[in-house]
Amino acid sequence: MSADAAIDHLLEGLNPPQRDAVMHGEGPMLILAGAGSGKTRVITHRIAYLLRTGQARPGEILAITFTNKAANEMRERVEHLVGRASRAMWVMTFHSACARMLRAYANELGYTRQFTIYDTGDQRRLIKQVLDNHGIDTKRYTPRAMQSQISSAKNKLIWPEVYAESVGSPFEEIVAEVYKDYTRELLRMNAMDYDDLLLNAVRLLEKNQEVRDRYAQQFRWVMVDEYQDTNAVQYRWLQLLTSEHRNLAVVGDDAQSIYSFRAADIRNILEFEEDYPDAHVVKLEQNYRSTQTILDAANALIANNRGQMPKHLWTDLGDGDPVRVREMADEYAEARWVTAEIQRLVDEGVSRAEIAVFYRTNAQSRVLDEMLTRAGVAYQVIGGPKFYERAEVKDAIAYLTFLVNPRDATAFTRIANSPKRGIGQTSMSRVLGYANDLGIDVWEAARGEVPGLTKAARNALGRFMDAMETLKAKAAENGPVAQLLDALLHETGYLDALHAERTIEAQGRVENLQELVSAAAQYDINAENGSLEEYLQQTSLFADADNIRDDEGLVTLMTMHNAKGLEFPIVFMIGMEDGTFPHSRSIEESNLEEERRLAYVGLTRAMRQLTLTYARRRMGYGGGSAPTIKSRFLDEIPRELTDQPSRISRGYPTPGRVASWSQAAAASAEYAGGDTNDAQLFRVGDEIVHAQLGDGVVTGLQPGGIVVVHFAGEGRDRSLMADVAPIKKR
DNA sequence: CGAAATTGGGTTTTT
DNA sequence: CCCAATTTCG
C-alpha cells in the first residue's frame, strides 16, 4: 500500500467531525466526545495519522488514560494500525507515566529507583504510626479521616508547608502536623503513595529544568482521554509537559465526570477553551452504540443538570425497545427477577457476556451474587474486595517489596511476624527504633545487634533475616518473578503455616497464593525486559477493573463507576431508589449533579436493551428493611420512552407492548414468591391496605397486573404489581 | 507472645 | 450486619 493509500485507509469510515479531529495538526484541541461516539477510534487513528503523514515520530507521542484497561486497549489498537512503532510511544495511565519518570529521576527527589508504591491500606498504617508517635488519640482522629484529608490536599496540589499555613481549625492543625510527618516518613522509607506519583512527578518537573525540558521537548504530541476526570495535579503535569509544543489534544465528556470525590475538577474541561483560546473544538455527537430510545432517555436525564456543554447525542441505529422499568417488593425479589430475566435471555440465545448488571454500591452485589449462584448462572463481579488487597497476597508482595526496598519499614512490620515466628510488636518497635537511632535501613538494623531484644526474639529475627538474605541473593539473579515468589512462600514457612491451619479459609488463601504465582508467571512471559521492580510497580497500580473478561460467557456485575468506558448489549440497573441511587450521601452533600452524571454513564452503556429496577423495601445496614421511594432519576426519564404506561393513557393498554409486559409480570410473579394477588381482584375505586404504606384507593388498572394506588398522605400515585405487592382489599 | 473475645465502628464511588 | 482493631487472658 502506498503512503497515500494508507492515509486514506485511516480516514475511511470516519464521520466528518471524527475526521476533523484525526486530521487536526499543531495546536491545542478539545474533543467533546459524547458516550459511544468513537473517541478511542479517534485517538488511535489520530496517532496513526500523525505518524503516517510524517508529522510525528513514535517517540514523540504521549497518550494518557486513567485505567490500565483503557491504556492496553489503546495500545493494542494503535499497534494494529501502525505495528511495532507503537512500542516507542508512551501509551499508559497517568500513574504509570509518572512512575516511569520518577524511576528515571528518583535521586533528584531523594528517592532511589526502587521506591515502593503504597496503597491506601499502607498509607493508613503509616499514618496510624505517625499519630501514635504524636500521642494523638486515633479514635478521635482516625487514620482514615487523616488519610482522606491528606489525599485531598495532595490532589489539589497543596504541599504540607502550604497546608500548614492555611489551617482554620484544630482538626486541620493536626492534619497539617500529620501531613508533614507522614511525608517525611514516606521519604525515609523510600515510598510514595498513589497521590505522590503524580505530585512528585510535578515536583520533579517544576524543580528540575533539565528534566522538564527533556520531556517537554520529547512529547511533541500529547493526547489525554477522559479529560473531564483530571484533577489539579494532573492538570499541572500536563501543562508542564505541553509548555513547549502546545500540541495537547484532550478528549472528554463533561456529562461523564464522576470522580469529584477523587478531586477531579470538571472545570478542567469546561474551561479548556479559556486556557487555550486558540483551541480547535470538535464535537462528536453521533453515537454508534445505543438505540435512539436509550439515548433520548439519557439526554432527557442529563438535561436536568445545569451548565452542561450543549450537545445532543443521536444515532441512526433506530428506536429499539422501550426502557423497561420494574418495581419489586424488596432486594431479594429484585435479584430473583433479574436472575430470571437473565436466564430467559440466555435461553433465547443471548450470550451471558452480553449482559451486565450495574449498581451504585458494591454491597448491592451480594444478594445478586447469591441468586445467580443458586440459579447456576456464570458471572463475574468486578470491584469489591480486591485480589491484591487480600492479606495473604499483600504479605507475599510485602516480602518482595522488602527485598527490593530495604528501607520499607511498613513492609517489614507486615511480614516479620507473618507467619508467626515469635517476633512481636515490641521486638519490631525495637528494630525500627534502632534503625532510626543509627539512621540505617530497617534491613540493616534487623540484621544487626538490636539492643533490648529477648533471646527468643533475637533468634527468631536472626532466622527470619537469614531466610531474607537467601531470598535476596536469589532475587539478585534476576530470574523469573514466579520462581522467586514460589521460593519465598516455601522458604519463609508461609505455606506451611497455612497448611497447618487445616481450615477451609486457609485452603482458600493457599489457592489465592497459587493464583498470585501463576499471575507472576504470566508476567514473566509477557514482560519483555521484566524485573522484580517493574513487576511490583505493575501490581501496585493494578485495578480490579483491569480484570474484566469479556470472552468467557460471564454475566458482568459491577458498580456504575466501574462501567465507565464499557458497553453491553443488555444492561440492568438495579436499586433505582432515592437514598441508594442517588446515594443518600450525595443528597446530603447536594452532589446530585454528579450522581445524575453517574446515572447518565450507566444508561449510555446499554446498546439494545435497558432495564431499570427498584425495590419497595430495602435492607439498611442494621438489618431492618425499610420502605423506599423510587429514584428521582426515574421520574426524569420521559414515560413515553419506557414501557410504563404514560400518565394520560393510564388504564389503557398500549398495543404492542402488552405481550412482553405480561410475560415479565408473570416471570416476576413466579420468582417474587410469597402471597400473590390476582390483578382481576381489583377494581378502580377499591379501598386497599398496603403492609407498609397503609390505606389507599385504587385509581387505575394497567396491563401486566399493575394497579395504580393513591395512598393517603402521598402526593402522587404509585404503580404496584398486584401479584407481588403486599396489598389487600378492605 | 499469641489466641480468643469483645467492642466499637462504619459502609459511595477508585487510579 | 459485618469487619477490624483493640483488649484481655493464658
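This text walks through a predicted model of a protein with a DNA strand, then turns to one of its helices.

Start at DNA strand B. Around this strand sit 25 residues. The closest are F66, R144, R360, T426 and S427. What kinds of residue make up the surface near DNA strand B? Six are nonpolar, 13 are polar and six are charged. Two helices each supply at least two residues of this surface: α20, which covers 425-438, and α27, which covers 560-563.

Now look at the DNA side. Which atoms of strand B come within 4 Å of the protein? Sugar or phosphate accounts for 63% of them. The rest belong to bases.

Three side chains show polar approaches to the strand. R262 places a polar side-chain atom 3.3 Å from a sugar or linking oxygen of DNA strand B. H583 also faces a sugar or linking oxygen of the strand, with an N or O atom of its side chain 3.5 Å away. E589 is paired with a base oxygen instead. There, a polar side-chain atom of E589 lies 3.4 Å from DNA strand B's oxygen.

Next, move to helix α23, residues 481-491. Which of its residues are buried? They are V481, A482, L484, L485, A487, L488 and L489. Several helices help cover these buried residues. Among them are α18 (391-404) and α22 (455-476). The cover also includes α24 (494-501), α25 (504-526) and α26 (532-540).

Finish just past the helix. G493 comes just after α23. This glycine takes a positive phi of about 80°.

Key. Residues numbered from 1 in each chain as written. Chains lettered and ligands numbered in written order. Predicted model: local features only at pLDDT ≥ 70, side-chain atom pairs only at ≥ 80, totals over all residues. Heavy atoms only, no water. Near = heavy atom within 4 Å. Polar contact = N/O pair within 3.5 Å; in protein donor to acceptor, adjacent residues only side chain to side chain. Helix = DSSP H or I, 4+ residues; strand = E, 2+ residues; numbered from the N terminus. Nonpolar A, V, L, I, M, F, W, Y, C, P; charged D, E, K, R; others polar. Buried < 20%, exposed > 50% of the residue type's maximum accessible area, 1.4 Å probe, protein only. Contact = heavy atoms within 4.5 Å.
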